[in-house]
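Please work through the following exercises with the sequence and the coordinates open beside you. Each task is followed by a solution that goes step by step.

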Amino acid sequence: IIESSGLFTKHKIEYTQYNPYTSTGRPSNRYNGINYAALNKDDGSRNRFLSRFDSGVLVEFDFDAYHLRLIANLIEYEFPEKSVHDHLGKMYFDTEEVDAKMYKQSKELTFQQMYGGINRKYLKHEYFNKAQQFINTLWSEFNTQGYVKTVIARRKLLKSNYKNMTPQKLFNYYIQAFETEYNFTMLSRLFKLLEDKKSKIILYVYDSILIDFAVEDGKETLQSIKAIVSSDFPIKIKRGYTYSSLKDL
């Protein structure tokens, strides 16, 4: 459905192409040499995309620290609704006030822990301690059973399908599969909501959804979309007349 909607420009509609057959099940989106899942925010790549409706606007729903919150869901750790990176920054730098420099470093440090392996010195923090325990359990099940099942679809990630697997890589694949399955469940609810509306979902990019919103669909439709997308995790909403001019709503 997203592919058939396309991204509108002044000259034509560009149709994206999703490929769900990846090692993790996290779909890629590349067509005609363009990676629509990674359009650069700063080089003008997004300038040409705008609403197809005379009174339309592009609205982006963006999950806050999505992978970190998905992991928190699995390990039963509760983050505050406000910034995850601020929360973890207080732990990294042993402070109650996180400035801009610390905030940036906090994001970098967390990225290293989640995708490169958790440093032992951070295991004193409950979030990382529980995450490491989860990684260990997942790895043990993978080797004992020969597979682990994904969270929602219960799809098997078979050991025989992967070469040179490591505990951290398995964990990353598992979280990406969780992200994809959660998003697909949410998208199916959005498709149903919008099936008799003009507004269209035009791009799904892992931790965000871009909608070409027809104003005549009404504020209530926008509120219903928000209720579905933010039912489990905090989101940020942006709007703009082009994909490159989105501002906080």
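**Exercise 1. Determine how many helices and strands the protein chain has, and judge its overall dimensions.**

Solution. The model is a predicted one, and its protein chain has seven helices and twelve strands. Turning to the dimensions, the C-alpha atoms fill a box of roughly 55 × 45 × 35 Å along the principal axes. For a chain of 249 residues, a compact globule would have a radius of gyration near 18 Å, and the 20 Å found for the protein chain agrees with that expectation. Next come the burial and the contacts: 46% of the 249 residues count as buried, and among contacts with a separation of 6 or more, 59% are between residues 24 or more positions apart. Finally, the accessible surface comes to about 13,800 Å², of which carbon and sulfur atoms hold 47%.

**Exercise 2. Work out the strand order of the five-stranded open sheet, and state which strands form its edges.**

Solution. Strands of a sheet pair through backbone hydrogen bonds, either parallel or antiparallel. In this sheet the order is 9-10-6-11-12, and the pairing is antiparallel. The edges are strand 9 (200-204) and strand 12 (247-248), each of which pairs on one side only.

The register can then be followed outward from strand 10. Strand 6 and strand 10 (residues 208-214) run antiparallel and are joined by seven bridges; within this pairing, Gly-56 has Ala-214 as its bridge partner, while Val-57 stands opposite Phe-213. Strand 9 also pairs with strand 10 in the antiparallel sense, here over four bridges, with Ile-201 and Ile-211 as one of the partnered pairs. The hairpin of strand 9 and strand 10 has three residues between the strands, and in this hairpin Tyr-206 takes a positive phi near 60°.

**Exercise 3. Sort the residues of strand 10 by the way they point, and decide whether they are buried or exposed.**

Solution. In a regular strand the side chains alternate between the two faces of the sheet. In strand 10, Ser-208, Leu-210, Asp-212 and Ala-214 point one way, whereas Ile-209, Ile-211 and Phe-213 point the other way, and all of these are buried. The strand is accordingly described as mostly covered, with seven of its seven residues buried.

**Exercise 4. Describe the three-stranded open sheet and identify the strands that have a single partner.**

Solution. The order is 3-4-5, again with antiparallel pairing. Strand 3 (18-19) and strand 5 stand at the edges with a single partner strand each, so one side of each is left without a neighbour in the sheet. Strand 4 (residues 28-31) runs antiparallel to strand 5 and is joined to strand 5 by two bridges, and the bridge partner of Tyr-31 in strand 5 is Ile-34.

**Exercise 5. Classify two of the aromatic pairs, and locate their residues.**

Solution. A pair of aromatic rings is described by the distance of the centres and the angle of the planes. The count for the model comes to 22 aromatic pairs. Tyr-36 and Phe-49 are 6.4 Å apart, centre to centre, with 55° between the planes, which makes the pair tilted. Both residues lie in the loop between strand 5 (34-35) and strand 6 (56-63), 13 residues apart, and both are buried.

For Phe-134 and Phe-171 the centres are 6.3 Å apart and the planes form an angle of 65°; because edge-to-face pairs have planes over 60 degrees apart, this pair is edge-to-face. Phe-134 belongs to helix 5 (residues 126-145) and Phe-171 to helix 6 (residues 167-194), 37 residues apart, and both rings belong to buried residues.

**Exercise 6. Find which charged residues lie over the faces of Tyr-206 and Tyr-147.**

Solution. Arg-26 lies over the face of Tyr-206, at 3.9 Å from the ring centre. Over the face of Tyr-147 lies Lys-156, at 4.4 Å from the ring centre.

**Exercise 7. Compare the surroundings of Ala-65 and Glu-76, each of which has a positive phi.**

Solution. Ala-65 is not a glycine, yet has a positive phi of about 45°, and its place is the loop between strand 6 and helix 2 (66-75). Glu-76, with phi near 60°, lies in the loop between helix 2 and helix 3 (84-92). The relative accessible area of Ala-65 is 17%, so Ala-65 is buried, whereas Glu-76, at 67% relative accessibility, counts as exposed.

Technical notes
Residues are numbered from 1 along each chain as its sequence is written. This is a predicted model: local features need pLDDT of at least 70, side-chain atom pairs count only at pLDDT 80 or more; totals for chains, interfaces and linings use all residues. Side-chain values use heavy atoms; hydrogens and water are left out. Rings of Phe, Tyr and Trp (its six-membered ring) pair if their centres lie within 6.5 Å; planes under 30 degrees apart count as stacked, over 60 as edge-to-face and the rest as tilted. Buried means under 20% relative accessible area, exposed over 50%, partly exposed in between (1.4 Å probe, protein chains only). A charge sits over a ring if NZ of Lys or CZ of Arg is within 6 Å of the ring centre and within 35 degrees of the ring normal. The radius of gyration is taken over C-alpha atoms; the globule rule is 2.2 Å times the number of residues to the power 0.38. Contact means heavy atoms within 4.5 Å. Accessible areas come from the Shrake-Rupley method with a 1.4 Å probe; for residues, only the protein chains shown count as cover. Two strands pair if DSSP finds at least two bridges between them.
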